[in-house]
Every structure is written in C-alpha cells, then in structure tokens.
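User: I am new to this structure and would like a close look at a single part of it. Please take one strand and the sheet around it, and then place that part within the chain.

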Amino acid sequence: MSMIESRLIIKQGYMVKRSQNKRVYTLVNFKRRWFVLTKTHLIYYDDEDEAKRKEKGRVELERVHTIEEAQSVFSNEEVGIQGEFFPFLVGYHQEEDYTLFLLGLEELDRIGWIFSIRKVCAYNRNVRNYFHPAPWNGRRWTCCRKATKLVDGCRECNSWTDSQESSPSRGSNKENYFNTSTPSSPIMPGGGTPSTPSAKKKEEQTTPRAKVVVALYNYKAIETGDLSLEKNMEYEVIDDSQKHWWKVRDSKGLIGFIPSNYVKEKELLGLQQYDWYVNDMSRQRSESLLKHEDKEGCFVVRNSSTKGLYTLSLYTKIPHPHVKHYHIKKNSRGEFFLSEKHCCNSIPDLINYHKHNSGGLASRLKTSPCDRPAPATAGLSHDKWEIDHNELMLLDELGSGQFGVVRRGKWRGSTDVAVKMMKEGTMSEDDFIEEAKVMTKLQHANLVQLYGVCSKNRPIFIVTEYMRHGSLLNYLRRHEQSLATNQGLLLDMCIQVCKGMSYLERHNYIHRDLAARNCLVGTENIVKVADFGLARYVLDDQYTSSGGSKFPIKWAPPEVLNYTRFSSKSDVWAYGVLIWEVFTCGKMPYGRMKNSEVVERVQKGIILDKPKACFKEVYDVMKKCWAPLPESRPSFRILKDTLLNVSQGILVD
C-alpha cells in the first residue's frame, strides 16, 4: 500500500473471502484475508504478518453497485472455520458484474463493514435495485434456482444512497461501535435532518451534480414512454439503473427512455463528439471504409493499437488510390502534431489546421465519411421483447437453414430487421421464449442483436438486427480474390469474432454451433456472431447427437464427439476451425472426408493443415484451440489478447 493510501484508511481487519471464480474452470475456495478500506478502494492482502503482507486484489469503490447481507448458504466444512459466520456481498463493475462474498466472524463485524463501505459509496451511480443474495454456482443461482446468469436479482436492495439512513442506531452496543468524534445529526421522519445554514451549505457541496449526456446519434421514439434523441443535444439522466435503457429529460422537460449506447456522458465525451473519430476501428476496416468513400482527402481518426495514442488514416489518389496512416504525436509541452513544425493544443485544433494546410501530409484533410450507422439497441424499445406479428413487413429471402427460412423485413415500416421463421417442431419453443427475454439484454458490437420474438402466432418469428452482407462464409467465398491477398483484413475478422465470443464466455453462454456460416457481415466489414445458444433448443435428434448426419462434426472437439459435452472450451475448438475457414476464404474443413473419417482423425489428434496464405503466428493460435483436453485450451479472453498482439507485431499501425 502506498503512503497516500495508508493515510486514507477508514477501516481494516480480517475477514474470510470466497473466491470470485471469474473463469468457468476454477475451484471455489475460502481464504482468510486482511482487508483495508480506503476512500477509493477495498484492498485485500494475504494472511501473513504485516511486514510481509502482499496485496492479492482490490475493488474500485466508485464501481460498486450493491452492498448487502448475503444468505448463509456456506457450510463450516467448505469455509474451513468453526462456529458462526456472517456473510455479506459487494457487487461491482457494471460490464463484468463481479460479486465479492465476504464472511465476518462476528455480527458487529459484518454490520461495521457494510456501514463503512456504504458510507464511502454513498453517491455512487448505477446502484442496483435487486440482487442475488447467494452465489451463481456455474449453472444456476443458489438463491432462486434460476438458470440464467443475467436474470434480475430475486431480492430487493436496501436503500444506502444516504449513509446516515444505513447507520445502525438500534441497541447501545451497536451505537458505541459506530461512535465517532463527529456528532451525528438527528434523523427526521423520512430520513431528513433539521435544516440549518451550515447543513444547507454542506448539502450544496456534497449533493452530486446531475448526470448530463450528449446524443451521439439520432433516435426516433416509437413506443409510448420512449424519448427521441437529436444528435449533439444534451439530456439530463434521471434513472440509469438499467444497463441498456436510461430515463432522461430533454431541454423541453419531456421525459422518457433512450438507448444508453446512443449517448455519452458529457464529461467523458472527448473526441466522440466529432464525426471524424471512429474509436476502436482497426487499420484494415478504416482502409476499407475510406476506399469505399473514394474521395481525395477523406480521413478518420482512430485509437492506435498502442493504448492512449491515436492514428490519422487518410485517403489519397496520388500517385494511386491508397490510404496512409499517421501517428498523432505529443511533445514535451503537451502539444499534438503530425509534423513537428505544426503543433496544436488539442487534436480537434490539429485536425482543423490540416483542413486548411496539408503541412507535410499526402493531402489536405477534406471530408470524413458519411454519418456512421447507429448501433443496434437492446430490444426495439424499452422493456419490449414480444413483437407484434402485424408490425412486420416481410421482404426478400436471405437464406434458409436448420431452423427455417430467414427473410429481410421492416418493423413498423422503418427499422431494418432480419426475421427467422422457425419451422414448427424444430425447437423447444416455450423454453426458448423464456430465454429470449434475457437474450435481448446481451449487447456487444460483435454480436448480432436479438430484438425480440413473435410468439403469439405460429410459426414463431425470431427478430434480429439486419446484416446487409449476409453470412461470413458466403462473404469469404464471394470476395475470395480480393480477400486472399489481404491477410490483415482476414485477421481483423477473426479478432472481431473472438471479441463477441469473449463477451458470451464472460456471461456463461455457450454457442454450440460456432462456424463461419453462423457469423454475419455488416457495413464497414463489421463481423458479428449470430445464433448463439439456439442449438440448445433444437429437438432434432440427428442434430443434437454426434451420430447424426446434421451434427456439425467438422467443428466438434473430442469431448463433444465422444460424450456430447459442450462448454466454452468446445466453442474454442470450433473457433480454431473458424479461423481456418477465414484464412482459406471459405473452404470446407477436411475437404470431402466423410464424418466418420473426420471423427477418426480428431480422436487420433490429427489436426487441419496450415492454410497457404496464413501467418505462422495465426496457425499457432489455431493449434492452441485444438488442444485435445478442454482444460488445455485458452479462454476467448486470452485468445483475443494473443491475436491483438499478433496483429500489432505483424501489421504496422
């Protein structure tokens, strides 16, 4: 602990900590740790003497969203201590959604820690309304037995936004326990305190400012209760407790729900307010975008592969059409430059300068690409997952597969959607409909967004985001001539799929049928994973059994072929085959071999050969995916980091 942190200690002491099991294949254990609460972090150390104590982890307190007593579902045998213990939990990090289960050794111990942590977190944003008082066991919640990780909590949270309300004032022992040198104000009915000039002044200083967001895209409200957004306008956030839909107030005083991924907090806006900034777009996709625009001086600014830096990508036709990439550098005075002769105080100032002067660039900056397509929303409206059959206009057929025909459609005549018309008798409908409510809340840039289902009529319709270029497999085959020589773009496609799968892995979703045919391509070469989790609801015995002709044997690892044992690690094996598909531009794995021959090869440990146009480093990643034992295969998070490092090492940014 730093000297600064040691001066900010609020509370410290021993507690027993349950392992958080952030990875699927880790054992649950309980360990005694020394905990230290500061104004910014909850830090825990190993159980050694003070001089040798090593930090084992820390929780950033501004990310905490839940602080509650937990259920006593742990046995003395598994915890490893005798006597009674008093569990509570700290939930934190909105995206990853981690939970720290802690056991106080006395009741006052638990009360003291809850009170102290709540006091530090009194003004946190995104405080939850519901929580699960017992842990997720890998398959279901121990408390309510629900089998979906992302389902809302089963118990209502206590209010702790005002730390005075949380102060345990019942009983003289507890009063003495929390006694401090600062006299507490009397609590008025409703939790208020008497109004005095000094109290008012203090309240003005400590009351958090309203959260203001700026719209990055236009949004047209269709359902009652939603609110339209106008790009670049400001909105006051009233309620951001839900992840994907926030309640806001506009400048006219109108209140309604808006998609949270269409706005950015004003204080954190940065470069995102400018049309020329494209955030995390890769070098390959920026080149594809600018070449498609085909305008001299067309440019974008994107995040560099080196964290914290930016790259300017510029299209020029001199002496021939190509894209040049320039690192935006910073000098010792904090000024930004592309050429040291022309420095500016900010990146927007630098862009503005080069719009009027080429200043050593291949061309003067002239235009940025057309308005960027808005991202998909988690559902077509707030809390809407059931879609009226009559609101869909069905257009041309996009394809057909195991589940039925897929057609392009329009929802309410304006929103492009894809409609999967499910064959009757092909899936367990009731189970899927229940799951669909939760799946609409899965949202990632590299997952095809599920908007909802039409379940009131038959056949059932599954309504998703529309991807204009269709399946990745067909896209690779159609554009083989141009893609075969662009290994950078092929690698970028693989990385995008890996990012989507890493998100599914974090949320304990298993795809079961990952392949190039089940990924889709949209504008700007964006690749997204589709049909995740659908295979779980198939009723066709030939599809669900490895002995059937419809089973995707060429993408299956040994444990699936032998025991039909699916996991995130079986998805990793299939992902290795998908990389092979991408770098062969859509060739069939194992060629014309029969399924029985493929099974024999896989069981003998014989793997696919390296594609001709493939980096050695990428083939090394494929081989890691094809490790015979599931536990020997890397996670998607590790694969993503590895491929990003490969991309950075092979391709100049």
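Analyst:

**Strand E16 and its sheet**

Strand E16, residues 310–316, is mostly covered, since six of its seven residues are buried; here buried means under 20% relative accessible area, exposed means over 50%, and partly exposed lies in between, with a 1.4 Å probe and protein chains only. Strands (E, at least two residues) and helices (H or I, at least four) are DSSP runs, numbered from the N terminus. The model is a predicted one, in which local features need pLDDT of at least 70 and side-chain atom pairs count only at pLDDT 80 or more, while totals for chains, interfaces and linings use all residues. Residues are numbered from 1 along each chain as its sequence is written, and side-chain values use heavy atoms, with hydrogens and water left out.

On one side, E16 pairs with E15 in the antiparallel sense over five bridges, where two strands count as paired if DSSP finds at least two bridges between them. One of the places where they meet is Asn303, whose bridge partner in E16 is Tyr310. The two strands form a hairpin with six residues between them, and in that hairpin Gly308 takes a positive phi near 90°.

E16 also pairs with E17, again in the antiparallel sense, and here over seven bridges. Within this pairing, Tyr315 stands opposite Val323 in E17, and the two strands form a hairpin with five residues between them. In a regular strand the side chains alternate between the two faces of the sheet.

The wider sheet is open and has five strands in the order E15-E16-E17-E18-E19, with antiparallel pairing. Strand E15 (299–303) and strand E19 (342–344) stand at its edges, each with a single partner strand, so one side of each is left without a neighbour in the sheet. Neighbouring strands of this sheet are turned by 30° against each other on average, direction ignored; axes are lines fitted to C-alpha atoms, for helices over the stretch in contact, and angles run from 0 to 180 degrees between N-to-C directions. Further along the order, strand E17 (residues 322–330) pairs with strand E18 (residues 336–339) over two bridges, in the antiparallel sense, and Lys329 stands opposite Phe337 in E18.

Another open sheet of five strands runs in the order E13-E12-E11-E10-E14, and its pairing is antiparallel as well. Its edge strands are strand E13 (255–259) and strand E14 (263–265), each of which pairs on one side only, and the twist averages 45° from one strand to the next. Inside this sheet, strand E10 (residues 212–215) and strand E11 (residues 234–239) run antiparallel and are joined by three bridges, with Val214 standing opposite Glu234 in E11.

The chain as a whole has 18 helices and 26 strands, and 48% of its 653 residues count as buried. Of the contacts in the chain with a separation of 6 or more, 57% are accounted for by residues 24 or more positions apart, a contact being heavy atoms within 4.5 Å.

Elsewhere, Lys528 lies in strand E26 (residues 527–529) and is buried, with a relative accessible area of 10%. The side chain of Lys528 makes a polar contact with the side chain of Glu465 at 2.6 Å; a polar contact is a pair of N or O atoms within 3.5 Å, and within protein one must be able to donate a hydrogen and the other to accept it, while residues adjacent in sequence count only if both atoms are side-chain atoms. Not counting residues up to four places away in sequence, Lys528 touches several others, including Ala445, Val448, Met467 and Cys519.

Helix H9 (residues 429–439) has a number of buried residues, among them Phe432, Ile433, Ala436 and Val438, and what covers the buried residues of H9 includes strand E23 (450–454) and strand E24 (461–465). By contrast with buried Lys528, Leu108 counts as partly exposed, at 26% relative accessibility, and its place is in helix H3 (residues 107–120).
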